[in-house]
Amino acid sequence: MLRTIWLKTLREYWIAVLCWGLGLGLLIYAMYATAQDALSAGVTQIYQSFSFYGDQVALNTIPGYVTFRVFGTTLPAFLAIWAILAGARLVRGDEERGTLDVLLSQPLARIRLLLEKLLALILAILVMMLIISLFILLGQLSAKQAADYPRALLTALNVGLFELIFASIALLISQFVRWRGAAAGWTAAILVIMFLFDSVGRVQHDFDWLRHLSIFYYYNVNKPLIPSVAANWGAVMLLVLLAVVLIVAGALLFARRDLGGVALQLALNGQRQPATVERARALARAAGDPFLRSLGLRTLRAQFTALFWWTVITLFFVEFLTALIPSLLDIFRKAVEGNAVMSQLFSGYNVATNQGFLGATVFAFVPVALTIFALTLAHSWSRDLDNQRLEIILSMPQSRLRLLAEHASAVILASLIPPLLIWLSLLLTASIINLRIDVGDTAAACFSMLPLEWLTAALVYLLATRLSSGLTTGLVSVFLALSFLMEFLQPMLKLPEWLINLSIFHLYGSPITEGMRWGPTLTVLGLTLVVGLAALLHFRQSSLVARA
Amino acid sequence: MGFLRPSAGRATIAGLDCWSQAPAVKRLVGYLPSEFAFDPGLTGAQILTYLGHLRGGVDRSYVQQLCERLDFDPGKRFREYSRGNRQKLGLIQAFMHRPRLLILDEPSSGLDPLNQQEFYRMLREVQSEGHTVFLSSHILPEVEQTCSRVGIIRDGRLVEVNEVSRLKHMRQQTVVISFPGPASPEWFQGLPGVAAVRLNRDGRELHLDVQGELQAVIKAAAAHDALSLSTQEPSLEEIFLRFYQVDQPVAAGR
């Protein structure tokens, strides 16, 4: 696997290919397996209000339902996260690591290097799509549909083409910016804009023209799973042409620009010298930065971008669902009335009430999202321990206790902001759309998430004293995943009380409908305190290199 | 530095325990690790300001002076610095609070010759102010040039600690003596300090490994009408290599 660049690059992709392929494949299979029950329960009534989300073609058939739920937006957009990251780091990643210098010092043309890497990416996407097509086939069989592999394969290939385009956009943008993160960020923004163009155009007929600017539109024109939708080869050709243009443009820019530089510098060369920043000015500017005064403030500043985006996305999710309550409540009431399957879909919440709806839609997922957020915040500590960025900080005349406590305080403060803003925005939206919700119960639902976040962070700090960053994050992630799955599947698994109480999401419960649950909340808080103290004491005593 | 917990014994700096009184110790110390790593998104100026705050404040004009001496541009982000510039940043942060003790791990690696010379001048200045520099290096000519005492570590144990000059003096030197006619090794064998005598190919030159004073060798050479006598003092590198020779027993640490 190390004989050529494309084989070596393909080798780097195989874990991602397997994980994404199998993960998404299982999602498709599950969707097929539950499609008939959901359709019989009349779920299409609800989805008719979700036209912003996707085309509703043959929604009352299993292929139509699966296309709407999975292949319209969810799967291509979700997989685009991987494609965008892969495209952005295709050459920029090697440049950042400094490995591209070594590769290009070999007798090898730049264009060839890029094309070999692209070949590996295309092959990785193809293998992923083959896995997905097999799961579509299995799904068809599980739903007692006629097995139609050609349609399954065409559906997967259509997704693959969509992913290749976004990887190519990221590749092209990475020629204009210095860092792969920036390239990925800009491409993700294009993905969101494309989705909005398509959605707004679909919902507002006056803006129908907007859809034609969106890649989602040309991707969704073809719905190979649905036999009644004829193939539109023009749309396919357009997408192929777009991918080729993007790749050619990216390759040409890569071949001509400076290594480590950006494409636009070509035009500036010879006209402007790079500005030399005066030392005194740079030092004076830094001296005025309040976030450089302590490790706590610096940590807070470093986490600001993550905090901002997590908060914005969570708020968007919460607000969107809250705003839907008036229009959806009646539909839910009718759908759930006397229907056991539908009730089970919403984990036993009474979705015909405002707070029940919020519990089933918002507060079943936001606690999970915010604990993952806390995990990422605390992860920066273990990551910095691993890559020796903390070595110089620990050589400063400050005690270890103080440094860890400052980092933890920054994490505590950052993790407090999303629940607080969710609570305030819920109250604001409710008052604007005249929705009745209990202020106390909403506060309980929001602030009961804090102990979960803090316990997650404390676990990271404790494990990081002994284990490597990857192992620490992995173990805490497994704990969170098990906690969620146990609670999510509890109606089916019926785990004994002592076991289900190990799930922090079970201990969180349903404060939005039941109010503050002081017992479990204080239990988690107490546990957090114990784990946090253990982390502080262990860190004070441990050698820096004695981590596995 | 309070990084590693001792398995036995204790280490002190200025009478302070390195583990239990680590913050007080670090106040006295300027430290440069072998790999200076930091948040890649911060500029050099931000890093120096941040570390200055963590030290409880440093003299900004001195920091600027250090930047100028090492020709360091603090306006760039850490990820944009070359290895040499990262090393300069590491050196500036180690020097910026005028520490009583500098602990520097491979301090000149990555520096260009001009900056290396400037760094050696900075070392001599702090030495002349009475401060201590504790420097670890694999570039032995640099150690020879900048240090007054050296310690040699072999297999994780300190096998020698001495003044550079005494170490060189104590160790064997090679003496080359030429004669007008055929020479005999027997003339010098058994003389005080003579460890080995070798005859070269034409039989008129002798190579002696001598430890200590040379009076007896000079007298014997004169007695046999020697034409010339030269001594080759071993470099620190040669001394170091002798410690690493397989058959050289490891002495107890001092």
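What percentage of the 254 residues of chain B count as buried? The figure is 27%, and it is a good place to start our walk through this predicted model.

Let us stay with chain B and look at its overall form. Its secondary structure comes to nine helices and eleven strands. Taken along the principal axes, the C-alpha atoms of chain B fill a box of roughly 75 × 40 × 30 Å. The radius of gyration of chain B is 24 Å, whereas a compact globule of 254 residues would have one near 18 Å. If we look at contacts in chain B between residues at least 6 apart in sequence, 63% of them join residues at least 24 apart.

Two sheets of chain B deserve a visit. One is an open sheet of three strands, and following it across gives the order β3-β4-β5 (chain B), with parallel pairing. At its edges stand β3 (29–32) and β5 (132–136) of chain B; each has a single partner strand, so one side of each is left without a neighbour in the sheet. On average, neighbouring strands here are turned by 10° against each other, direction ignored. Helix α4 (residues 83–95) of chain B packs on this sheet, where it touches β3 and β4 of chain B. The direction of α4 makes about 170° with that of β3(B). Within the sheet, strand β4 (residues 101–105) of chain B and β5(B) pair in the parallel sense over five bridges. To find one of these pairings on screen, pick Leu104(B): its bridge partner in β5(B) is Leu135(B).

Continue from β4 of chain B into the loop that leads to α5 (113–128), and you come to Glu106(B). What is the phi of this residue, Glu106(B)? The angle is positive, about 45°, although Glu106(B) is not a glycine. As background, most residues other than glycine have a negative phi. Glu106(B) counts as partly exposed, with 17 C-beta neighbours inside 10 Å.

The other sheet is also open, but here four strands follow the order β9-β10-β8-β11 (chain B), and the pairing is antiparallel. Its edge strands are β9 (194–199) and β11 (228–232) of chain B, each of which pairs on one side only. Neighbouring strands of this sheet are turned by 20° against each other on average, direction ignored. Strand β8 (residues 173–178) of chain B runs antiparallel to β11(B), and five bridges join the two. Val176(B) is a handy residue to click on, as its bridge partner in β11(B) is Ser230(B).

Another stop in chain B is Ala216(B), which belongs to helix α8 (residues 215–223). Which residues does Ala216(B) touch, not counting those up to four places away in sequence? They are Leu191(B) and Pro192(B). Pro192(B) lies 24 residues from Ala216(B) along the chain, yet their C-alpha atoms are separated by 6.9 Å. Ala216(B) itself is partly exposed, with 16 other C-beta atoms within 10 Å.

Now cross over to chain A by way of the contact between the chains. The contact takes 32 residues from chain A and 31 residues from chain B. On the side of chain A that touches chain B, the elements giving two or more residues are α13 (279–287), α14 (295–302) and α19 (389–394) of chain A. Which of them provides the largest share? That is α13(A), with seven residues. By residue type, this side of chain A divides into 16 nonpolar, nine polar and seven charged residues.

Elsewhere in chain A, helix α7 (residues 149–173) has 25 residues and reaches 36 Å from its first C-alpha to its last, close to the 36 Å expected at 1.5 Å a residue. Of these 25 residues of α7(A), 20 are buried, so the helix is largely enclosed by the rest of the structure. In the loop between α6 (110–142) and α7 of chain A sits Lys144(A). Lys144(A) has a positive phi of about 60° although it is not a glycine. Is Lys144(A) buried or exposed? Lys144(A) is exposed, with 9 other C-beta atoms within 10 Å.

Our walk ends with Thr4(A), in the segment before α1 (5–40) of chain A. Thr4(A) is exposed, with 12 other C-beta atoms within 10 Å. Its C-alpha atom and that of Asn434(A), 430 residues apart along the chain, are separated by 64 Å.

Conventions: Residues numbered from 1 in each chain as written. Chains lettered and ligands numbered in written order. Predicted model: local features only at pLDDT ≥ 70, side-chain atom pairs only at ≥ 80, totals over all residues. Expected span 1.5 Å × (residues − 1). Contact = placed C-beta atoms within 7 Å. Nonpolar A, V, L, I, M, F, W, Y, C, P; charged D, E, K, R; others polar. Rg over C-alpha atoms; globule rule 2.2 N^0.38 Å. Pairing = 2+ DSSP bridges. Axes fitted to C-alpha atoms, helices over the stretch in contact; angles between N-to-C directions.
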